[in-house]
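Hi everyone, thanks for coming. Let's take a look at this one together.

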Amino acid sequence: MSTVYFTKDHEWVKVTGDEGVIGITDYAQKALGDVVFVELPAIGLDLAQGAEAAVVESVKAASDVYSPVSGTVVATNQAVVDQPGLINEAPEEGGWFFSLRLSNPSELDELMDRAAYDEFLTGLE
Amino acid sequence: MTPELLRTPLFRLHLDLGGRMVPFAGYEMPVQYPSGILAEHLFTRTSASLFDVSHMGQVVIRGDRRVAALEALVPGDIEALGEGRIRYTQFTNDQGGIKDDLMVTNAGDHLFLVINAACKDADIAHLRAHLGGGADLVLLTDRALLALQGPKAADALARFAPGVAELSFMTAGTFDVGGIVCLISRSGYTGEDGFELSVPADRAEELARRLLAEPEIRPAGLGARDSLRLEAGLCLYGSDIDETTSPVEAALTWSISKRRRAGGGFPGAAVVQEQLATGVGRRLVGIRPLGKAPARAHTAIVDDGGVEIGVVTSGGFGPSVGGPVAMGYVPDPLSRPGSAVGLLIRGVRHDAEVVALPFVPHRYHKV
């Protein structure tokens, strides 16, 4: 059983037990355009909520990816490093960035569920 | 308090095509269409793309003294420019810096200039202040400018105007394109064969739609235009060249003829002549990062000890190269291809190599 939460910076975190998988949303990948380069955090790195965790670059520009919650990096997705276009093709599936062991799961309460995020996107238009 | 953005005659077409509109040099321009920058870039190199570059300034200079008057402002050889021929040159300042770069066409009874959108007002003021008697200028505000670029551009355009097949690179002529009279030059900003079409504003959309109906042609935005010119090693004014960089530092000496080097007679000539004679401290070069991380403009170039020795002026991912490419200024001794340099990207040093430009070979139509 897993639950997905969203940030206002258009990251998602899919939480199963005390582990969270993190990526960027479909809205974010569309806004970025073709992704051509990804830099992921080192395994074992401790990230605070909101810390710069990864870099995603399109042809035009570089953007930071922030960690939606605090925790320790336990895995990274080499597939998006080898094939950055995965982030455009499947942002919420094969295009994930890294996973964390959550150090403060109560932070999840500050994030949005899918319905709230969809509502948030409507407000951006 | 954003000033109101200007629109080109193709604005409605951009919206119809799903263009993503962004502010650029005071205009609302398409950075890309739904296919995206990568696809637009690659399609340009294999087929042909249509770009709206109507934001650029189109200027006509008439009068008996037009050649001498323009030569007093640019190091380019305008006197030797035959009718129907085009030359790339720069407006220089008194320090030998570059106020703008431009294309000059000898259109018979007048000179036709294409100048950068962001420099338009300053260039016009500069020209008005210094042309003097016997040369009058008009900024054409009733013309659009379309760029048709790519290896299949000539075949597609020749269907409407068979005569364009006879143009060679850096020549121009007036053609009837299916009832629309255009000044067409065989030139561009992608490194590919192609054309720029100066067209009456009220016929521009009609012409663009007609060209886009051809199977070889798709629309492309400013994003692809930038990645294409970077791979072609072509300077972007405001990034690679500006008031503080000279044509010699920017590796543009090829655009200054022997006569102009010797004779001078343009702003900053003494500085440029001195640089040609004794060299310069820094030069604009191609830089190939050895890893995958793109080095964007303003990235510091560092030596082995981590000391900053230069700066990237343009950089990003080169879709045809399949990796990062950049241009920037390095000290003269490191400007030879093969020199090793470092790039400080997000605080981490990345290895890079100075390489000869362009990154992708030019494929101009030279006969």
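I'll talk about the contact between two chains and then about one helix.

A quick word on the ground rules: this is a predicted model, where local features need pLDDT of at least 70, side-chain atom pairs count only at pLDDT 80 or more, and totals for chains, interfaces and linings use all residues. Residues are numbered from 1 along each chain as its sequence is written, chains are lettered from A and ligands numbered from 1 in the order in which they are written, and side-chain values use heavy atoms, with hydrogens and water left out.

So, how many residues does the contact take from each chain? Chain B gives 15 residues and chain A gives 15 residues, with contact meaning heavy atoms within 4.5 Å. About 1300 Å² is buried between them, 52% of it from carbon and sulfur atoms; that is the accessible area (1.4 Å probe) that two parts lose on being put together, summed over both. Lys292(B), Arg296(B) and Arg346(B) supply 42% of what chain B buries against chain A, more than any other three residues.

There are 3 salt bridges between the chains, each a side-chain nitrogen of Lys or Arg within 4 Å of a carboxyl oxygen of Asp or Glu. In one of them, Arg346(B) meets Glu57(A) at 3.2 Å, N to O.

Helices H2 (37-46) and H7 (222-231) of chain B each supply at least two residues to this side; helices here are DSSP runs (H or I, at least four residues), numbered from the N terminus.

Now, H7(B): 9 of its 10 residues are buried, so this helix is largely enclosed by the rest of the structure. Buried means under 20% relative accessible area (1.4 Å probe, protein chains only). Just after H7(B), Gly233(B) has a positive phi of about 70 degrees.

Conventions:
Buried means under 20% relative accessible area, exposed over 50%, partly exposed in between (1.4 Å probe, protein chains only).
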